[in-house]
Structures are given as C-alpha cells and as structure tokens.
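This report describes selected features of a predicted model. It considers cysteines, one helix pair and the burial of individual residues.

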Amino acid sequence: MRGTYKAGILAEKIYTARKSMKITQEVLAEKLGITPQSVSRWENGQSRPDVDMLPRIAAFFGVTIDALFGYQAENLKIANYEEKHKKITPQWTFATSQLAREVLGFMPPIGQKNILEIGCGDGQEAVFFARNGYVVSALGASEVSITKGKALAEEIGVDVNFFRADILNYKIEKNFDVIYSSGVMQYVPPKDRPRVFKMLQSQTKVGGLNALSVFVDKSFIELSPYWEKNEYLYNSAELFSYYGRDWKFEMMQEIYFRNDGEEKPHDHCVDIMIARKISE
Ligand SMILES: C[S@@+](CC[C@H](N)C(=O)[O-])C[C@H]1O[C@@H](n2cnc3c(N)ncnc32)[C@H](O)[C@@H]1O
C-alpha cells in the first residue's frame, strides 16, 4: 500500500460518499443493517466501523477499501479526472448521447443484448442503455464517476454493473453485442492503440457493434485548455483505420462543436463511428 494515511479521512470519505449519493444517514444505516447513530458517530469521527464492515461500506459506495482510507492504488493513478467529474459539461453530454441514441437503431435491445461501456463518465449513457433494455457493464477510471453512476442507476431504478478499471491494463473477458466508448480513447497512447482496438474487436460478437467517438487533431482547432499530459489526439480518420475488412461501417462522421459549459470555452473535432463485425 502506498500513500499517507490522514487522521479523520475515513470519516470524511464516508460523509462525502453518502452526500454525493444524496442519501441520509438513516438510509445508509438501513442499507448496512446498523443504526443511524453508528453512521453519525463514524462521520463525526467519534468511532470507526468494525473491520468486517469495511468491505460492505466500500462495496456500497463502489470504491476500494484503500480509497476509504485515502490511499490511491498506484496503477489507478490514471487521470486527474476526479475534479472534473464533480462538474458536468452539457454540450459534451449532448454530443455523446447522440452516439448512444444511434446504437439503439443499429442494435435494438431485443433479447438480452449486452453492452460494455469504456470510460462511463457520470454514468448517463450506461443508465440510458439500461433503461432501454440492454444488460450494461460500465467501466470507469475514476471513483467519483463510479459513485455517481451507481447513484444515478439507483435513482432511475435500473441495474448497471459499474466497476473501476483502467482500459490500458484491463482485459475484457466476455464477448459483447456492443462495445461503446465516447471521448475516452484519447487516454490510450498511439503505441497502445493497435493492441487495445484489437481487444475491443476480438471481444465483440459477430454481428455486434463498436460505437466509438474520439477527439481529433485539426490545424484550425486549438487544443482544449483542459487537455492533460496523458491525453493524445487522434489523426483525422485514424479511428476508422483500425477497422478492417471484417467490419462494416454503419456510420462514420466527423463533427465539430463548441464546449462553452466550462470556464474556458473551447472547440472540438470528434470522429464518430459505428462499425459492425461481420465475421471473425
Ligand atoms: C471526456 S470523459 C467522457 C465520459 C463519458 N464517456 C461521456 O461521454 O460523458 C473521459 C472519461 O474517460 C475516463 N478515463 C480516463 N482514463 C481512463 C482509462 N485509462 N481507462 C478508463 N477510463 C478512463 C475518465 O474517467 C472520464 O470519465
């Protein structure tokens, strides 16, 4: 384990996780099978949960036990996204949900169609898919995003298997009808892209879809002031080039939009694609 334990951090983590889920001490107590007084004592630092209660608290909030104590596992130091997830950017959400809506047309949720979302943000798309009848797994790099996603799914009353993972280290084990990812693949450095796209493709069922959007480099668009060191733009049409003769493009598009939902408005170019696997 790495990092420095700070006194009182457990109390603070329980308090903030509960608040971000917008639930009362009474509700948390009921979910954990304890009294509201115990929750109150944990949150004001008068006492600590029993050791055997920790996995239940961590599972309830969708975080690791390390995270409850303020430790960050080294391999999950992925992106400085924790802060960003506390805000929402309506323009981006709009652009990305367009792609999600397109998926409905190309892979209607008839039968038990399963979707894997990579980089689930605040969970809106994962919940959207679940509401429309898909069986949804959604991975996110950020604890905040997973917590928000779970809270949203609970609020809307749908099941989504949200879990924390880094797409650079994660091995997709199951096969999916749809692998969906919007605005996330820029975290995959160019050298890793052939491997990661190959994994997405091999874990897609024949007849299934990859629905993806990526940020694209254009000489006439300035880099976003929020761009991080571990984000790498795609060349124009590069995304399409990973999809070869076994894949049929159902939709390919390059779109431009302005994100003025943040303090410093900025422009983006995004390549969007829905491709169907025709054969192995
Ligand atoms: C621009 S946001 C897009 C979020 C969401 N897909 C949407 O469209 O609203 C980028 C997302 O990628 C996630 N992310 C960053 N690095 C990642 C990684 N290595 N593995 C998985 N997700 C990652 C971030 O946590 C963030 O949720």
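A disulfide is a pair of cysteine sulfur atoms within 2.5 Å. By this criterion, the predicted model holds zero disulfides. Two cysteines, C120 and C269, are listed below together with E125, a residue of helix α7. Buried means under 20% relative accessible area.

| Residue | Relative accessible area | Class |
|---|---|---|
| C120 | 3% | buried |
| C269 | 1% | buried |
| E125 | 7% | buried |

C120 is buried because its relative accessible area of 3% lies under the 20% limit. The same limit applies to C269, which counts as buried at 1%.

**Packing of α7 and α8**

Two packed helices are described by the angle between their axes and the distance between the axes. Helix α7 comprises residues 124-131 and helix α8 residues 143-156. Their axes are 9 Å apart and form an angle of about 30 degrees. Angles under 35 degrees count as roughly parallel, and α7 and α8 are therefore roughly parallel to each other. Their crossing is right-handed.

Which residues of α7 and α8 meet? From α7 come Q124, V127 and R131, and from α8 come G149, L152, A153 and I156. By character, the residues of this contact divide into four nonpolar, two polar and one charged.

**E125 in helix α7**

Helix α7 also contains E125, which counts as buried because its relative accessibility is 7%. E125 and Q98 are 27 residues apart along the chain, and their C-alpha atoms are separated by 10.0 Å.

Terms used: Residues numbered from 1 in each chain as written. Predicted model: local features only at pLDDT ≥ 70, side-chain atom pairs only at ≥ 80, totals over all residues. Heavy atoms only, no water. Buried < 20%, exposed > 50% of the residue type's maximum accessible area, 1.4 Å probe, protein only. Axes fitted to C-alpha atoms, helices over the stretch in contact; angles between N-to-C directions. Helix = DSSP H or I, 4+ residues; strand = E, 2+ residues; numbered from the N terminus. Parallel < 35°, antiparallel > 145°, perpendicular 65-115°, else oblique. Left-handed = near helix turned anticlockwise from the far one by under 90°. Contact = heavy atoms within 4.5 Å. Nonpolar A, V, L, I, M, F, W, Y, C, P; charged D, E, K, R; others polar.
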